[in-house]
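Reader: I am new to reading protein structures, and I would like to go through one with you slowly. Could we begin with the part that interests you?

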Amino acid sequence: MTDIANSFGLLRLPDSIAFGDGCRSSIARTVATLGNRALVVCDPFLSSTEAFIQLLKELEVLEVAVTVDTQVVPELPVSVVEEAIDRALQARPQVIVGFGGGSALDLAKLIALGLAHGTPLNRFYGENQVPGPVIPLVAVPTTSGTGSEVTPVAVLADPDRELKVGISSPYLIPRAAVVDPRLMVGAPPAVTASAGADALVHAIEAYTSNNHSPNWQDTLPVFVGENLLSSSLALEAIRLIGLSLRNAVRDGQDFEARSRMAYASLLAGMAFGTAGTHLSHAIQYPVGALTHTAHGLGTGMLLPYVMQALLATDAQRLADVATALGVAAGTTEESAQNAIDEVAAIMADIGLPTDLATMGVTESDLPRIVELSLSVRRLVTNSVIEPTEENLHRIVRAAFDGDRTALNPLRTAASNESETKK
Ligand SMILES: NC(=O)c1ccc[n+]([C@@H]2O[C@H](COP(=O)([O-])OP(=O)(O)OC[C@H]3O[C@@H](n4cnc5c(N)ncnc54)[C@H](O)[C@@H]3O)[C@@H](O)[C@H]2O)c1
Ligand SMILES: [Zn+2]
């Protein structure tokens with residue numbers, strides 16, 4: 001049973017979160033309460049959809065002056081973002097709407113930041129570098145995966161950096177999130193698979209992230225590690241994704257599966273937005289840069305290997321994951337292994353690659369992947385696995401070979417400490 005007396009909880013969230021079929025009809029009113037000049041950042045694919053045209057009509061009825069920007073590109077190069085900020089300056093919006101997948105939502109967040117605090121954006125890279133509030137944002141996701149509608153982070157690509165960079169600050173949390181599963185029905189299977197896999201990674205990594213009491217008197221880090229509030233949300237997200245990700249990919253019209261995924265992705269975003277993620281994300285950064293593959297494809301492929309590496313020291317939390325997935329049986333260790341096997345099975349069933357070689361990584365890339373993963377300190381220190389070159393190398397090597405059995409046991413910060421005490 002959870003020891004609540006010796007634990008802590010922290011969540012930072014939008015002021016309002018709406019979820020459900022039809023809640024998209026609340027977007028216009030929500031926007032109007034925040035201002036009467038809006039910039040709507042919309043994925044180009046979605047700008048001709050009925051739902052989007054309806055939104056524009058509703059904004060007009062409420063006398064909100066609207067500028068639409070559809071220049072959303074995946075991977076968000078910083079030059080594209082800064083051009084979008086320049087265009088937005090002329091519109092002088094009081095409120096920004098992000099309508100689309102994670103790329104559209106992150107672009108909307110970065111425009112909200114740039115309008116409030118100027119460019120260049122590289123001043124804000126990293127954690128807690130945003131100096132104050134940004135233009136209020138209403139986030140409307142059309143994929144189930146990133147959770148960006150509730151998180152304090154936006155990701156972009158800078159040619160001066162080998163890896164994508166994150167800007168993380170509680171000020172980037174959207175003011176309102178409107179999550180209507182009807183908007184996700186048209187997403188193609190490959191997007192549903194990679195985004196949905198990422199949602200499962202968010203939930204499991206939030207649940208298995210480091211647990212260290214924050215120093216409440218200091219400015220808290222953006223990501224504080226696993227805690228009571230994030231964990232409840234993460235477990236429910238894991239349960240729902242286990243029930244529905246395969247179906248959502250197999251049949252995009254399965255509205256029950258779509259709804260569960262939209263809800264689970266929201267919960268996972270709420271969980272990792274405060275707890276943070278860890279090694280699958282740290283290793284995906286260089287893998288994504290090398291192979292130009294979707295974020296969720298890499299994190300989803302890597303997750304079973306990272307879980308296998310956790311087994312030696314974190315069996316109990318992996319067994320909790322097994323319970324959420326409905327595969328707990330036998331001892332704690334057996335349940336934990338079942339959780340890992342089930343996650344690997346889900347990833348394979350939705351068509352994700354099962355090893356790094358299939359993603360286009362070559363053996364000679366492995367040392368650089370390890371080095372760059374270790375450089376993402378925020379993520380590697382949020383894992384209970386000690387972030388040494390040897391530990392990272394073993395995970396990356398196993399993921400390259402497609403061989404999880406090579407991974408036990410790995411050293412952890414906790415096991416090292418107890419050895420030193422002996
Ligand atoms: N800010 C965060 O918290 C966070 C978290 C994880 C990932 N990310 C970022 O999010 C991005 C990935 O986002 P994504 O997976 O949502 O993909 P995406 O936004 O890049 O969209 C992928 C494709 O799906 C299409 N699409 C989106 N919604 C659709 C719909 N309803 N119907 C049909 N097509 C649709 C888009 O047009 C695009 O072609 C990455 O850049 C990643 O780094 C951000
Ligand atoms: Zn992710």
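**The ligand and its surroundings**

Author: In this predicted model, domain 1 (16–184) and domain 2 (189–421) both give residues to the shell around ligand 1, so the ligand lies between them.

Reader: Which residues are the closest to ligand 1?

Author: The shell around ligand 1 has 26 residues in total, where a residue counts as part of it if one of its heavy atoms lies within 4 Å of the ligand. By class, this shell holds 10 nonpolar, 11 polar and 5 charged residues. The closest are Asp 43, Gly 102, Ser 103, Thr 143 and Thr 151.

Reader: Which residue places a polar backbone atom 3.3 Å from a nitrogen atom of ligand 1?

Author: Two contacts involve oxygen atoms of the ligand instead: one oxygen is 2.7 Å from a polar backbone atom of Gly 102, and an oxygen is also 2.7 Å from an N or O atom in the side chain of Thr 151. For the nitrogen atom, the partner at 3.3 Å, which falls within the 3.5 Å cut-off for a polar contact, is a backbone atom of Ala 187.

Reader: How much of the area that ligand 1 exposes when taken alone does the protein bury?

Author: The space that ligand 1 takes up is the largest pocket. Among the elements that give two or more residues to the shell are helix 4 (102–117), strand 7 (153–156) and helix 5 (189–207). Taken alone, the ligand exposes 870 Å², and of that the protein buries 85%.

Reader: Which two residues are joined by a cis peptide bond?

Author: One of the two, Pro 120, is found in the loop between helix 4 and strand 5 (126–127). The omega angle of the bond is about 0°, and the residues it joins are Thr 119 and Pro 120.

Reader: Where does Glu 63 lie?

Author: Glu 63 has a positive phi of about 60°, although it is not a glycine. Its place in the chain is the loop between helix 2 (50–61) and strand 3 (65–69).

How values were computed
Residues are numbered from 1 along each chain as its sequence is written. Chains are lettered from A and ligands numbered from 1 in the order in which they are written. This is a predicted model: local features need pLDDT of at least 70, side-chain atom pairs count only at pLDDT 80 or more; totals for chains, interfaces and linings use all residues. Side-chain values use heavy atoms; hydrogens and water are left out. A polar contact is a pair of N or O atoms within 3.5 Å; within protein, one must be able to donate a hydrogen and the other to accept it, and residues adjacent in sequence count only if both atoms are side-chain atoms. Accessible areas come from the Shrake-Rupley method with a 1.4 Å probe; for residues, only the protein chains shown count as cover. On a 1 Å grid over the protein atoms alone, a cavity is a set of points where a 1.4 Å probe fits but cannot get out, and a pocket is an open set with protein on both sides within 12 Å along at least five of seven lines; lining residues have an atom within 4 Å of a point. A molecule sits in a cavity or pocket if more than half of its atoms lie within 2 Å of its grid points. Helices (H or I, at least four residues) and strands (E, at least two) are DSSP runs, numbered from the N terminus. Ala, Val, Leu, Ile, Met, Phe, Trp, Tyr, Cys and Pro count as nonpolar, Asp, Glu, Lys and Arg as charged, and the others, Gly among them, as polar. Domain bounds come from an automatic or database domain assignment.
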